[in-house]
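Student: Hi! Could you walk me through this protein? I'm new to reading structures.
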Amino acid sequence: FVNMKGECPFLAADAMLAKTVGANSADAALVEIHAEATSEKIALGWHLDGRAAAVLGTHTHVPTSDAMILPGGTAYLTDAGMCGDYHSVIGMEKTEPLRRFITGMPKDRFTPANEEATLSGVYIETDDRTGKATRIVPVRQGGKLQQSAP
């Protein structure tokens with residue numbers, strides 16, 4: 001775990017990998033990047049290709065369809081998606097977010113949506129010898145989204 005308060009995520013990831021995988025204290029490294037910009041997420045994936053088993057993006061709540069194994073053996077996905085109600089505005093009941101977008105004025109607190117939830121994530125297999133990814137499959141179970149499983 002790296003708390004990157006204001007730190008460059010690329011240099012912070014380099015430092016953490018040097019302390020763990022490079023020091024032989026971990027068999028494989030899974031890197032999660034919680035960021036808004038998809039370009040920053042894929043850039044980190046390319047930067048760590050071959051050094052991390054996986055680079056997985058989070059934050060935007062919407063699962064992307066770009067799961068792949070990069071040439072150096074790193075599994076990559078821009079956003080794993082949220083675990084929650086997708087018949088919503090990023091997990092919140094639709095009324096207040098829609099009202100804010102239309103009026104530009106907050107009025108009430110957001111409340112969680114409570115229709116059927118979707119579990120969103122990713123399944124990754126790695127080679128025990130190399131610590132590199134051999135398979136990546138998006139996982140979506142339940143709720144409104146198209147189902148996906150390994």
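Student: Okay, which order do the strands in the open sheet have?

Tutor: This is a predicted model, and its open sheet of four strands has the order S1-S2-S4-S3, with mixed pairing.

Student: Which strands stand at the edges?

Tutor: Strand S1 (30-34) and strand S3 (68-69) stand there. Each has a single partner strand, so one side of each is left without a neighbour in the sheet.

Student: And how many bridges join S3 to S4?

Tutor: Two bridges join them, and the two strands run antiparallel. If you look for Ile69, you will find it opposite Ala75 in S4.

Student: Cool. Switching topic: how many salt bridges are there?

Tutor: The count comes to seven salt bridges. One of them is between Asp14 and Arg51, where the closest N and O atoms are 2.9 Å apart.

Student: What does that pair tie together?

Tutor: Asp14 lies in helix H1 (residues 9-19), while Arg51 sits in the loop between helix H2 (38-48) and strand S2 (54-58), so the pair ties together parts that are 37 residues apart in sequence.

Student: Are those two buried, exposed or partly exposed?

Tutor: Asp14 counts as partly exposed, at 22% relative accessibility. Arg51 is partly exposed too, with a relative accessible area of 36%.

Student: What about Asp79, which residue does it form a salt bridge with?

Tutor: Its partner is Lys41, and the closest N and O atoms are 3.1 Å apart. Asp79 lies in the loop between strand S4 (75-77) and helix H3 (95-103) and Lys41 lies in helix H2, so this salt bridge ties together parts that are 38 residues apart in sequence.

Student: Buried or exposed, those two?

Tutor: Both Asp79 and Lys41 are buried.

Student: Got another salt bridge for me?

Tutor: Sure! Asp127 forms one with Arg129, with 3.5 Å between the closest N and O atoms. Arg129 counts as exposed, at 71% relative accessibility. There is also a network: salt bridges that share partners join Glu96, Arg99 and Arg100.

Student: Now the surface. Which residues form the nonpolar patch?

Tutor: Leu98, Phe101 and Ile102 do, and together they have about 400 Å² of accessible area. Take Ile102 as an example: this residue lies in helix H3, and at 72% relative accessibility Ile102 counts as exposed.

Student: And Gly45, is that buried or exposed?

Tutor: Gly45 counts as buried, at 0% relative accessibility. You can find Gly45 in helix H2.

Student: What is Gly45 in contact with, leaving aside its neighbours within four places in sequence?

Tutor: With Val55, Leu70 and Tyr76. Gly45 and Tyr76 are 31 residues apart in sequence, but 6.4 Å apart in space, C-alpha to C-alpha.

Student: Last one: where is Thr58 found?

Tutor: Thr58 is in strand S2. Its side chain is joined to that of Glu32 by a polar contact of 2.2 Å.

Student: And which residues is Thr58 in contact with, again without the neighbours within four places?

Tutor: Among them are Glu32, Ile33, His34 and Ala35, and the list also includes Thr78. Thr58 is in contact with Lys41 and Asp79 as well, and those two are the buried pair that forms a salt bridge.

Student: Nice, that links back to what we talked about. Thanks!

Definitions and conventions. Residues numbered from 1 in each chain as written. Predicted model: local features only at pLDDT ≥ 70, side-chain atom pairs only at ≥ 80, totals over all residues. Heavy atoms only, no water. Salt bridge = Lys/Arg side-chain N within 4 Å of Asp/Glu carboxyl O. Buried < 20%, exposed > 50% of the residue type's maximum accessible area, 1.4 Å probe, protein only. Patch = residues over 30% accessible without salt bridge, like charges linked within 9 Å, V, L, I, M, F, W, Y side chains within 5 Å. Areas by Shrake-Rupley, 256 points an atom, 1.4 Å probe, with all protein chains shown as cover. Contact = heavy atoms within 4.5 Å. Polar contact = N/O pair within 3.5 Å; in protein donor to acceptor, adjacent residues only side chain to side chain. Pairing = 2+ DSSP bridges.
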